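Thanks for coming. I have one structure to go through today, so let me put it on the screen.

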Amino acid sequence: MDSVKRAFDSDLAWSFRHSPVAILSATVALLLILAAVCAPLIAPYNPFDPASLNLMNGFSRPMEPNAFTGDSFLLGTDDQGRDVLSTILYGMRISLFVGFAAVVFAMIIGVVAGLVAAYAGGRVDAIIMRIADVQLTFPSILVAMLIFGIAKGFTPVHLRDQMAIWVLIISIGLSDWVQFARVVRGAALVEKSKEYVEAAILIGRGPIAIIFRHILPNVLSPVLVIATISLALAIIAEATLSFLGVGAPPTRPSLGTLIRIGQGYLFSGEWWILLFPSLTLLLLALSVNLLGDWLRDALNPKLGD
Amino acid sequence: MELLEINNMVVEFPSRHGVFTAVDDVSLTVAEGEIVGLVGESGAGKSTVGNAVMGLLQSPGHMPSGEIWLHGERIDQLSPSDMRSIRGKRIGMIFQDPMTSLNPIETIEYQLVETIQTHLDVGTSEARRRAVDLLDQVGIPDPANRIKQYPHQFSGGMRQRVVIALALCVEPELIIADEPTTALDVTIQAQILELIKDLCKSRKLGVILVTHDMGVIAETTDRVAVMYRGRLIEMGETDQVINAPQQPYTRSLIAAVPPSNKKINRFPKVAIEESDGNALQNFDLKGHWLGRGDAFDTTVENLLEVRDLQKRFIVKSSILPRNRVYMDAIKGIDFDVRSGETFGLVGESGSGKSTVARVITGIYPDDGGSMRFAGHDLTGASGKDDARAGRQNIQMIFQDPYSSLNGRMKISSIVAEPMIVNKLTDTAEERHQIVTDLLELVGLGKDAAKKYPHEFSGGQRQRISIARALATRPRFLICDEPTSALDVSIQAQILNLLKDLQEQLRLTLLFISHDLPVIRQMCDRVGVMRHGDLVEVADTEALFEYPQHSYTQTLIGQMPKFAK
């Protein structure tokens, strides 16, 4: 209980309570995440179960009974008769899972690389940071597509749909680690020169213990900020890749896949297939991004007023 | 009429934790040609008074009540733009750090001429003539040529002279100098203070000198105001306040100043005691873990023998060794530290004294020479077994209490870590008990163990740092400027603690400081360092009374004399 009280009294919690934008965006983000997690419980249909689909329900308009079957769908249906609301809920699960997993993957690589570069210095530092520089010269989407394409070539055909998600995670993660590495390296260089690190050397701590027990906990705040902003970027990257057709397969659509399916019908009047997944993506990315912006300001008092 | 009159000034800083009253009902006056000192420890509100007079209070600070009169004109209610012209023209400012108060990308000439022309109605050539004249007055040699240089081409002391010239160039009536010499070495400090004194008398300026240093106050000011937690405790003629202080706070503050002219055994108890009292008196060392330790030869005369020690840093790196540029930080020095004594290393900034500490402890590898510590060879790779065995008995206390403790660790983990790493204890209960004992030993209660570093003041953190150092059962303790970041009354307590611990635990100390009076109080023998050389080693009393080397003579001659 003591730690709960301490957390509630902290400057971060105070800043949160006094920032309407932070409260609103956190609420929206949490609601969306909750909806995605509970999708099997709250979604009216299971869009991944072919048995529940009826092609006759295809292109139902939102909140209007279908001309053939009489079924009514809150947000309409797509070309195959899948309920748009349910596909959004299930699609968000994939988008969020890919986003979170990619950020965690990028974070682990980036934080370790940044810490090692900063602490070892010299040649190790130069090599790691030059790799990062080279990585930055490729647009991250291009890197992701490259990895995606190579991985696809090595995956047996019948496993491709299942592997697609993991390839997405790795390719987005690999294109994202550089900013973690750079920020962590910068912060760790500052920490490394502080006297508590010298004190740890003097009491006989080895380099690994100093890096992970002493320096790492002190560079976590900027990592947290970047992780939040990266989450929004990773969700968008996933959507972009899926929109380009190299991401989540149409049988297990993510938000990006839904937008790709929807844009084909935009000009034939079936606007709802495109609009609702796009709005969801916008809401999700925007709320996470605003949360990240607030976190950056709250953890960096120097930016101030 | 007084030049400056402050009546019942109150300055408040509202925050979410409530309103903080930084200055509470302060009244003081400054006459023409008078230097008024504003002295106090950190958080006393002395700088805030200066900022309020200049209308430079940092947001959200404001002045809810009180009046400021400059030459019969009330200035605390002026608009920001009116205040700006007063600030440039009638009140000059000198800040602590001469580097940040000058624009690094413009020449001195540009900065002086621009300031003169902004405030005085003169032509460019006239402004330039005045600028050269001013530089000459503040003691910059060859001003006609040096005025064309950039700030980085001047040394720290010269830069501060330029800042003073900048403050003087519009012929102000009042100068507010906020810690003008704190960032400077003692020899330069004396020159700058002399300059301020001369200018004040010759130009009939009023000066407010804000400082924490009683020595500077005693040397420079006519009258002094002592502040404590926003309140004006005592005000009077400088001689009178220093020699016959009326208030208990002032008395304890003055008692805590290390006298430069004699050695005292312990500093007297002060009014504001931050520790829970020292537990040393009833501490049974012999039966305690701290007293055990490995068999250690205490009969050797010289615990540490340093011969021809060298250390250089790369200034410009290159793949080709012959293109590398080095800076010699230690140029081959010899000294011994005898068992049980306190050996002092004194010198100005950049003299290499802290580098010596870091080479002995192995934080920096050495570049030649030898170091023998109680039979162990410390030279060479820091990973060597012999060196490591020796260094288990060497610990260090650092200068900055705010960066020397890991802010993410509880005090109990910080103090226990050395025991865990070196496997000095058998059980967790034993370790826990020792942590409690150590914290009590350094004057902190056992509740301290559960807290985090940010919950403690600078002096308390320094006590935690000492407890951590003692947790390896060291025989040799290096103190690198252990009190230079602390207020004088806290410094007195930490120095007392170090003396107590040394006697009880039979520690040998290497005490590094730039502060001569502190060195005189703490050390048995002293080495004087300059530009990486050890110019003189002598017994403390002999060194202070009969310095042999010319540099030592200058250093001791320039030290602010604080007579009681």
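**Cysteines, strands and segments**

In C523(B), the sulfur lies 9.2 Å from the closest cysteine sulfur, that of C479(B), which is too far for a bond. I should say at once that this is a predicted model, and every distance I quote is computed from it. For a disulfide, the two cysteine sulfur atoms have to be within 2.5 Å, so at 9.2 Å the sulfurs of C523(B) and C479(B) do not qualify. A disulfide is a covalent bond between the sulfur atoms of two cysteines. Over all chains, the structure holds zero of them.

Is C523(B) buried or exposed? With a relative accessibility of 1%, C523(B) counts as buried, because the cut-off for that class is under 20%. A cysteine in the other chain, C38(A), has a relative accessible area of 25% and is therefore partly exposed.

Staying in chain B, take strand β8, residues 206-211. How many of the six residues of this strand are buried? Six of the six are, so β8(B) is largely enclosed by the rest of the structure. That covers both faces: G206(B), I208(B) and V210(B) point one way, V207(B), L209(B) and T211(B) point the other way, and all are buried.

Now the strands that pair with β8(B). Strand β3 of chain B, residues 35-39, runs parallel to β8(B) and is joined to it by five bridges. In that pairing, V39(B) sits opposite T211(B). Strand β7 of chain B, residues 174-178, also pairs with β8(B) in the parallel sense, over five bridges. There the bridge partner of A177(B) is L209(B). Between β7(B) and β8(B) the chain passes through helix α7, residues 186-203, and this β-α-β crossover is right-handed.

Next, V537(B). This valine belongs to strand β20 of chain B, residues 533-539. Its relative accessibility is 38%, so V537(B) counts as partly exposed. Which residues does V537(B) touch, leaving aside neighbours within four places in sequence? The contacts are F343(B), R525(B), V526(B) and G527(B). As for G344(B), it is 193 residues away from V537(B) in sequence, yet the C-alpha atoms of the two are 9.3 Å apart.

On a coarser scale, the domain assignment splits chain B into domain 1, residues 98-171, and domain 2, made of 289-406 plus 474-558. The centres of the two domains, taken over C-alpha atoms, are 40 Å apart.

That leaves chain A. An unreviewed UniProt entry places the feature "domain: ABC transmembrane type-1" at residues 92-292. In the model, residues 92-292 of chain A are 83% helix and 0% strand, with 20 Å between the end C-alpha atoms. Under "transmembrane region", the unreviewed entry in UniProt lists several segments of chain A, including 94-119 and 269-291. Residues 94-119 of chain A are 100% helix and 0% strand, and their end C-alpha atoms are 37 Å apart. For residues 269-291 of chain A, the figures are 87% helix, 0% strand and 36 Å from end to end between C-alpha atoms.

One residue to finish with: S287(A), in helix α13 of chain A, residues 272-299. Its relative accessibility is 4%, so S287(A) counts as buried. Where are its contacts, beyond neighbours within four places in sequence? They are S25(A), V28(A) and A29(A). Happy to take questions.

Key: Residues are numbered from 1 along each chain as its sequence is written. Chains are lettered from A and ligands numbered from 1 in the order in which they are written. This is a predicted model: local features need pLDDT of at least 70, side-chain atom pairs count only at pLDDT 80 or more; totals for chains, interfaces and linings use all residues. Side-chain values use heavy atoms; hydrogens and water are left out. Helices (H or I, at least four residues) and strands (E, at least two) are DSSP runs, numbered from the N terminus. Buried means under 20% relative accessible area, exposed over 50%, partly exposed in between (1.4 Å probe, protein chains only). Contact means heavy atoms within 4.5 Å. Two strands pair if DSSP finds at least two bridges between them. A crossover is right-handed if, with the strands pointing away from the viewer, the path from the first strand over the helix to the second runs clockwise. Domain bounds come from an automatic or database domain assignment. UniProt positions are given in the numbering used here, feature names are shortened, and annotations may be inferred rather than shown by experiment.
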